[in-house]
Amino acid sequence: MSPRQPVPSHPHTSSATPVGGSVSRTLKRGLQQTTRQVEAVHGAISATAFGLLRRIPFVGLPVRIAEGIHDTIAGGVYAVAHHGGGALLDVAASVEESALAPGAPTARRVGALRAALNAVAGDQLAARGNPLAIAMGFFCAGQRLPLDAGALAAMLADSFPARPAAALQRIVIFVHGFGCDENIWLGGSSADRVADSADTARAVSATALDPADTAAGGQPGIDAGIGERLADDLGLTSLYLRYNSGLPIEDNGRALGELLETLVAAWPARRPEVVLIGHSAGGLVARCACEAVDDAGEWPRWPWQRQARMLICLATPHGGAPLEKVADLATQALGLSPLTASLGRSASERRRRIDALRRDLAEPRPGAATRGIACRLLGTSLADDVEHPLGEWLGDGVVSLSGATHHPAPGDVASRRIGGVGHFALLQDERVYQQVREWIAALPQKAAPKATRRPRKAPAAAPAGG
């Protein structure tokens with residue numbers, strides 16, 4: 001084909017997805033091709049350099065030994081970059097392709113790609129003020145919640161006209177994990193309605209599902225999201241957090257705490273109860289928010305923390321994740337060559353922050369469970385039998401069973417292990433939903449607080465003889 005000839009159009013190909021595969025798989029091919037080219041150039045340069053050194057008298061043997069060590073290390077580095085990077089992009093591709101499946105709404109596709117971009121380079125995007133950096137916010141029925149009291153009340157009344165006042169008394173905040181956005185919590189049909197049209201978002205009530213999501217007999221259909229089902233079954237309000245998962249977890253936890261304080265202050269109901277549900281790294285973000293102390297080391301940092309009733313962590317790596325060991329090896333390998341040293345330093349810094357956070361959370365100090373916040377931990381395994389050693393080794397494909405159900409602090413802590421389901425599939429698993437529902441339903445319902453007045457100061461006594 002001549003370069004001047006127009007390229008034939010592909011009417012059935014989405015502009016969001018490259019021809020021949022997803023963005024992640026295209027990046028994988030590019031990474032592996034580039035790695036091979038760089039390795040070839042590196043090999044040619046090193047062969048020339050070592051060849052010249054071997055000609056110098058009396059140093060031939062040491063040079064050959066050094067060349068052998070160099071070739072072994074360089075081969076390992078390029079193997080990690082070629083296969084390790086490809087494996088990570090395969091994982092990203094599986095998530096991406098589920099979001100880019102035929103029939104997925106355009107808004108959901110764009111959101112999934114933006115979330116993945118922020119996971120990889122969110123800290124750099126935020127530091128440079130790039131508009132692609134995700135700003136943290138709460139979403140409900142596909143709309144970002146305003147944090148002004150008047151606008152918030154008007155939006156809730158307009159979006160959910162049939163919501164009873166009692167539903168506003170308990171807020172459930174859903175916190176997604178690394179590389180995701182709030183759509184991961186939504187069922188198929190509900191996500192499509194929310195993303196495709198703002199008008200249909202009004203049909204997703206916190207206390208009544210759309211008829212399209214209700215199976216025969218009035219029970220929620222399998223396409224209903226966990227938040228919708230909890231709102232329908234328990235009469236509460238479900239809100240979804242969207243945030244930049246490329247920022248440090250502790251920074252996102254602090255930002256969530258600040259944002260929750262603003263939300264609760266503007267909320268139509270006075271002193272609502274708060275339940276936080278985090279998936280994967282989202283559980284660490286929620287836990288950081290619940291356990292944050294002020295500058296003097298005192299808890300609570302924010303008044304809403306005393307209103308938090310329960311923290312539920314789904315497949316959260318409290319004790320580490322098996323993939324981190326692979327990441328450690330890759331990071332060490334990257335640091336062995338000047339060509340990849342800068343990448344290794346960047347990966348090491350992010351790994352150092354995660355390790356520091358985990359050590360801090362593992363210290364024997366008062367945590368959320370000892371502050372009166374019930375902690376519920378749920379881990380899953382790809383193996384059907386969670387008691388089998390293979391079940392622990394496999395975990396959910398990302399997080400091990402012990403890593404998800406380990407919590408060092410004493411207090412009101414309970415855990416559950418479920419077999420035969422993976423890291424992302426657990427969000428649509430009926431057993432997981434029933435367990436989460438059971439945990440929240442067991443919380444005693446508190447009466448709405450009455451308005452209180454500060455006691456007046458007693459008038460000063462009149463002076464004697466006055």
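Contact here means heavy atoms within 4.5 Å. With that in hand, helix H4 is a handy place to start in this predicted model. H4 spans residues 149–159, and its buried residues are Leu152, Met155, Leu156 and Ser159. Looking down the axis of H4, these buried residues fall within an arc of 95°, so they line one face of the helix. That fits the usual geometry: an α-helix has 3.6 residues a turn, so residues three or four places apart point the same way. As for what sits over the buried residues of H4, the cover includes strand E1 (137–140), strand E2 (143–144) and helix H7 (249–266). At the start of H4 there is also a polar touch, with a side-chain oxygen of Asp148 coming to within 3.2 Å of the backbone nitrogen of Gly150.

Helix H7 turns up again in a helix pair. It packs with helix H8 (residues 281–291) at an angle of about 55°, and the two axes are 8 Å apart. Angles between 35 and 65 degrees fall outside the parallel and perpendicular classes, and H7 and H8 are therefore oblique to each other. Their crossing is right-handed. On the H7 side, the contact is made by Ile249, Glu250, Asn252, Gly253, Leu256 and Gly257, while H8 brings in Leu284, Val285, Ala286, Cys288 and Ala289.

Then there are a few single residues to look at. Arg376 belongs to strand E7, which runs over residues 374–381. Is this arginine buried or exposed? Arg376 has a relative accessibility of 11%, and the cut-off for buried is under 20%, so Arg376 counts as buried. Leaving aside residues up to four places away in sequence, Arg376 touches Met310, Leu311, Ile312 and Cys313, along with Asp412, Val413, Ala414 and Trp439.

Ala404 sits in helix H12 (residues 401–405) and, at 2% relative accessibility, is buried too. Its contacts, again without residues up to four places away in sequence, are Ala315, Thr316, His318, Leu377, Leu378, Gly379 and Val399. Ala404 is also 11 residues from Ser415 in sequence, with 9.0 Å between their C-alpha atoms.

Leu113, for its part, is found in helix H3 (residues 106–127). With a relative accessible area of 26%, Leu113 is partly exposed. Leu113 and Gly179 lie 66 residues apart along the sequence, yet their C-alpha atoms are 8.9 Å apart in space.

Terms used. Residues are numbered from 1 along each chain as its sequence is written. This is a predicted model: local features need pLDDT of at least 70, side-chain atom pairs count only at pLDDT 80 or more; totals for chains, interfaces and linings use all residues. Side-chain values use heavy atoms; hydrogens and water are left out. Buried means under 20% relative accessible area, exposed over 50%, partly exposed in between (1.4 Å probe, protein chains only). Helices (H or I, at least four residues) and strands (E, at least two) are DSSP runs, numbered from the N terminus. The arc is that of the directions from the helix axis to the C-beta atoms. A polar contact is a pair of N or O atoms within 3.5 Å; within protein, one must be able to donate a hydrogen and the other to accept it, and residues adjacent in sequence count only if both atoms are side-chain atoms. Axes are lines fitted to C-alpha atoms, for helices over the stretch in contact, and angles run from 0 to 180 degrees between N-to-C directions. Angles under 35 degrees count as roughly parallel, over 145 as roughly antiparallel, 65 to 115 as roughly perpendicular and the rest as oblique. A crossing is left-handed if the near helix is turned anticlockwise from the far one by less than a right angle, and right-handed if clockwise.
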